Amino acid sequence: MCGIVGYIGEDKALPRIINGLKLLEYRGYDSAGLSFVKDNKVFIEKEIGRIKNLEEKINLDENTNMGIGHTRWATHGEVSKVNSHPHRVGKWTIVHNGIVENYVSIKEKLIKEGYSFQTETDSEIVAGLLDYNYKKEKDILKTISKTIGELTGSYALGIICDDDLNSIYATRCGSPLIVAKDKNGYYLASDVPAILDWTNKYVLLDEDEIVKLTKDNYEVYNKDLVKQKKDIYTFEGSRNAAELNGYEHYMLKEIHESKKVVQDTFNYYVEKNSFKKTMPDFKKYKNIHIVGCGSAYYVGYIAKYLIEEYAHIPVYVEVASEYRYKDNFYDKETLVIIISQSGETADSLAALRKAKEDGIDTLAIVNVVGSSIAREALWTLYIKAGPEIAVATTKAFVAQATLLALLAIKLSNKTELLKEFDIDKELDIVLEKDYKRIAKTIYKHDNVFFIGRLVDYVLCLEGSLKLKETSYINSIAFQAGELKHGTISLIDEGTPVIGVCTKESIIGKTISNLKEVKARHAYVLLVTNEDIEDDFYNQKIVIPKVHDIVQPIVTVIPLQLLAYEVAKLRKCDIDKPRNLAKSVTVE
Ligand code: F6R
């Protein structure tokens, strides 16, 4: 969701900015733009669509050593060139990631002061407000500090002021921003992959900090303009972790990394079948709330079944965008677990902050090191998935399911279950199956149903989400027993119904429901770990049977790969599905 890249240094700026923007493409965007300084003047270029459209328009060899670039994911105002960033008002040029919630009142105030605006965006008013405040403050840092004090909502801002064309300024609140340095200059970026071609060392800006970058220095201030000393982080993975390495799509590559992420996550917390110190003891908690969005919410549901079954601790799972606005019944004996791959999802971050404000202990389960959720939670447990580039999450889900299964074991004291994580062989089997043949039977349909019970139902939710987001097929997941209470009326001749049957205690019941839809001429596709020979299904994907604690890790992969193959047959933009963003930093 919106990406920011800035560069100032000895080298030509535009190739670096374009390179950084391309490395942030995975965040999702619909237009791109940049501004650069040449001969003491600010120039702006913008294009809708892919970054290559912008690249084709500009002269990469332009004699400029500083600039700021942006990919926009439209929130306020349609996708158009004029609404694309950068925005310029008076002496101020800005790029913005986030949402300024009070932009209407600021806009009205500025219009009364004689300002006029060209766009429908909330972002342009930030440039206007900077310009307005600067007339009184007459100092760039003071102006930025005053301006962000007047904004509500979330923002990461890259800023150029005409009165100091040798510096780039930036600030953030609620949207991420990092600063990095290589031997020839300084960078600004929304996320670490943007700088990996030049350096793996970076600094994380904290809320409301302001940074001033010049070609040979950077200074970070808090909002009272007191200089801050910053820690330097090192990105642990390799640059090619974010490359295709011969795969056709990142989604496929990332699914095929499942084995590694299970091993890496397991080995980070377990050694010789005992927990290491990296896994704290959470036994004092009598109940658990798990909060997340999308797939992170679904994996939380898997954890509910595992924790309740093995540790007998009640677990309530909630969608973050709801949790943040409702009465939550928690107390000192509650642990609130926030699950987020990116660690920046606005709703999940808000849910975390709400629990903290209420004095409740929080645990973050996060992939991106140093992300806001990781930094703000009382405890943080990292999954070891490495950079996930495809918008649809796959390997991070697998890593989360691994870590949550470990947590269930830790809470239950049943360390003998740790040996059940030896599932390399089983993962190889599900990764190597031919899903294209099955995808061909469903890719032309407009509606696909997934049914299952208990944990199988949660896997249906995830399989259905993967199918919807990557192939744009309408799909719903249903608790198998609920079908006949209404939804079965949608089943028609040839309607694909995917039945997930892995939980032994309940398989017979789901099979009865599959027989009901088959009797209504549905096209039944069975995903099972049992040896079922019958005539109620049209196709069958048989997956290896492993212990219940790790079965979801194995079962989700065929569902991910099926969605991938269907999306491919439908010629969809698999890694960057329309309208979606990787890091959802707005409400
Ligand atoms: C689905 C998907 C989303 C994310 C959700 C939460 O494939 O990727 O549903 O799971 O946006 O994102 P994080 O985990 O970054 O908080």
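## Exercises: a ligand and its surroundings

In this predicted model, an oxygen atom of the ligand is 3.2 Å from a polar backbone atom of S295. Let's start from there.

**Exercise 1.** Decide which part of T345 and which part of T393 approach an oxygen atom of the ligand.

*Solution.*
- Step 1: Look at T345, where a polar side-chain atom comes to 2.4 Å from a ligand oxygen.
- Step 2: Turn to T393, where a backbone N or O atom is 3.0 Å from an oxygen atom of the ligand.
- Step 3: Compare each distance with the cut-off: a polar contact is a pair of N or O atoms within 3.5 Å, so the 3.0 Å pair at T393 qualifies.

**Exercise 2.** Work out how much of the ligand's surface the protein covers.

*Solution.*
- Step 1: Take the ligand alone, which exposes 410 Å².
- Step 2: Add the protein, which buries 89% of that area.
- Step 3: Find the location: the ligand sits in the second largest pocket.

**Exercise 3.** Describe the shell of residues around the ligand by closeness and by class.

*Solution.*
- Step 1: Count the shell, which has 14 residues, the closest being S340, Q341, S342, T345 and E469.
- Step 2: Sort the shell by class to get 5 nonpolar, 7 polar and 2 charged residues.

**Exercise 4.** Trace the shell back to helices and domains.

*Solution.*
- Step 1: Find α8 (294–311) and α15 (455–471), which each give at least two shell residues.
- Step 2: List the domains of the chain: domain 1 (2–235), domain 2 (246–422) and domain 3 (434–574).
- Step 3: Assign the shell: domain 2 and domain 3 each contribute at least three residues.
- Step 4: For scale, the C-alpha centres of domain 1 and domain 3 are 45 Å apart.

Conventions
Residues numbered from 1 in each chain as written. Predicted model: local features only at pLDDT ≥ 70, side-chain atom pairs only at ≥ 80, totals over all residues. Heavy atoms only, no water. Near = heavy atom within 4 Å. Polar contact = N/O pair within 3.5 Å; in protein donor to acceptor, adjacent residues only side chain to side chain. Areas by Shrake-Rupley, 256 points an atom, 1.4 Å probe, with all protein chains shown as cover. 1 Å grid on protein atoms, 1.4 Å probe; cavity = no way out; pocket = protein on both sides within 12 Å on 5 of 7 lines; lining within 4 Å. Sits in = over half its atoms within 2 Å of the grid points. Helix = DSSP H or I, 4+ residues; strand = E, 2+ residues; numbered from the N terminus. Nonpolar A, V, L, I, M, F, W, Y, C, P; charged D, E, K, R; others polar. Domains from an automatic or database assignment.
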